[in-house]
Amino acid sequence: MNSTRVCLVGAGRAGLVHASNIRHHTADAEVSAIVDGDLDRATAMAADVGGKPFGTLAEAVADVPVDAVVIATPTHTHRDLAAEALAAGLHVFCEKPMALSASECDDMIAAARAADRVLQIGFVRRFQPEFVEAKARIEAGEIGDVMLVKSLTRGPGLPPAWAQELALSNGMLAEVNSHCFDSVRWLAGSDIVRVYAEVANRKGARLGVTAQDFYDNAVVSLRFANDAIGAIDGVCPAEYGYDGRVEVVGTAGLIMIGDVQGMPLITAVDRQRGGVRPTHKTWPERFSWGYVREINGFTEAVRRGGEPVVTGLDGKRAVEAVVASNLSWQEGRPVELAEVAV
């Protein structure tokens with residue numbers, strides 16, 4: 001295989017990030033097709049990053065050479081699109097959240113195994129340099145045994161209408177905090193076994209959200225199989241910027257990952273106001289190098305074969321934690337992940 005020919009499915013923000021990184025930062029891959037239900041949007045993206053626009057995946061596969069698919073569509077479409085691509089013998093990169101339920105995740109994992117193709121899930125923090133360095137230091141024993149892990153993700157902008165619907169997205173804990181669930185499990189080196197969640201809807205009415213069970217604030221307490229404990233919080237929308245940070249406390253020390261400050265810059269024009277520091281404006285800005293390394297990791301896995309850095313099982317574990325957390329706040333009780341696991 002001289003170059004991995006990639007079909008992008010979903011011409012939204014995430015799809016554009018991946019397509020742009022393939023076009024400009026991936027030496028062994030090219031965009032061969034852009035698929036979106038809105039053909040005009042697919043055409044506009046194709047003009048920017050290359051590839052031929054199509055309305056469906058089936059049309060693209062029938063018309064142009066494709067080796068792999070990047071799925072960047074709403075969560076409730078992931079399982080069926082992945083199954084279609086894998087049945088056609090294509091490797092699959094699927095954005096987070098992997099799916100809506102553990103059983104849907106199992107369907108995707110089984111399809112990848114049957115096709116003997118790569119299935120990678122889009123947890124970008126595992127490729128972001130400071131997170132990779134923190135993981136290496138933890139594994140080297142610098143802070144001793146992990147006792148406590150805390151992760152937060154807060155994003156600007158109201159989620160799209162489909163993501164406001166719990167039945168189509170699993171809510172903010174999936175769309176925003178999936179990264180947190182994966183990060184804490186990865187850094188703790190242990191599976192989450194119990195969660196307790198509280199959520200609130202503080203801005204929805206003012207912003208015109210009418211979806212039942214919509215929430216824009218969440219806190220989740222965690223228990224791990226290795227007896228570590230943890231916490232996750234999320235806010236969306238958070239007008240001050242995009243914020244993704246993690247803190248890991250060990251028996252011998254502390255690691256703090258990330259900063260709300262967007263760049264090493266201070267503007268001072270008023271001594272009463274003091275210095276002003278920019279925040280991260282968007283998630284593509286906050287994790288720009290992580291996204292480049294993530295898609296390169298996928299194309300490398302396609303070329304060499306074997307397991308990718310982030311597997312279908314990793315995606316499934318995060319989905320199980322999200323589903324358990326939603327059940328927790330709905331029923332007002334702690335939930336064991338065994339209750340929702342398949």
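This is a short tour of one chain, stop by stop, with something to select at each point. Keep in mind that the model is predicted.

**Stop 1: the whole chain**

Start with everything shown as a cartoon. You will be looking at twelve helices and 13 strands. Switch to C-alpha atoms and align the view with the principal axes: the box they fill is roughly 55 × 55 × 45 Å. How does the radius of gyration agree with that of a compact globule? For 342 residues such a globule would come out near 20 Å, and the chain has 20 Å, so the two agree.

Now colour by accessibility. Of the 342 residues, 52% count as buried. Turn on the surface as well: the accessible area is about 14900 Å², and carbon and sulfur atoms account for 51% of that. If you like contact maps, take the contacts between residues at least 6 apart in sequence; 70% of them join residues at least 24 apart.

**Stop 2: helices α1 and α11**

Select residues 13–25 for α1 and residues 288–304 for α11. Their axes come within 9 Å and cross at roughly 75 degrees. Angles from 65 to 115 degrees count as roughly perpendicular, and α1 and α11 are therefore roughly perpendicular to each other. Next, show side chains. On α1, pick Val-17, His-18, Asn-21, Ile-22 and His-25; on α11, pick Tyr-291, Val-292, Glu-294, Ile-295 and Asn-296. These residues make the contact, and they divide into five nonpolar, four polar and one charged.

**Stop 3: helices α6 and α9**

Move on to residues 129–139, which form α6, and residues 178–188, which form α9. Here the axes come within 9 Å and cross at roughly 30 degrees. That makes α6 roughly parallel to α9, because angles under 35 degrees count as roughly parallel. Which residues of α6 and α9 make the contact? From α6 come Phe-131, Val-132, Lys-135 and Ile-138, and from α9 come Ser-183, Trp-186 and Leu-187. Colour them by type and you will find five nonpolar, one polar and one charged.

**Stop 4: Asp-116**

Finish by selecting Asp-116, in the loop between α5 (102–115) and β6 (119–122). Is Asp-116 buried or exposed? Asp-116 has a relative accessible area of 63% and is exposed, since the cut-off for exposed is over 50%. Add Gly-306 to the selection and draw a distance between the C-alpha atoms: Asp-116 and Gly-306 are 9.1 Å apart in space, although 190 residues apart in sequence.

Methods. Residues numbered from 1 in each chain as written. Predicted model: local features only at pLDDT ≥ 70, side-chain atom pairs only at ≥ 80, totals over all residues. Heavy atoms only, no water. Axes fitted to C-alpha atoms, helices over the stretch in contact; angles between N-to-C directions. Helix = DSSP H or I, 4+ residues; strand = E, 2+ residues; numbered from the N terminus. Parallel < 35°, antiparallel > 145°, perpendicular 65-115°, else oblique. Contact = heavy atoms within 4.5 Å. Nonpolar A, V, L, I, M, F, W, Y, C, P; charged D, E, K, R; others polar. Rg over C-alpha atoms; globule rule 2.2 N^0.38 Å. Buried < 20%, exposed > 50% of the residue type's maximum accessible area, 1.4 Å probe, protein only. Areas by Shrake-Rupley, 256 points an atom, 1.4 Å probe, with all protein chains shown as cover.
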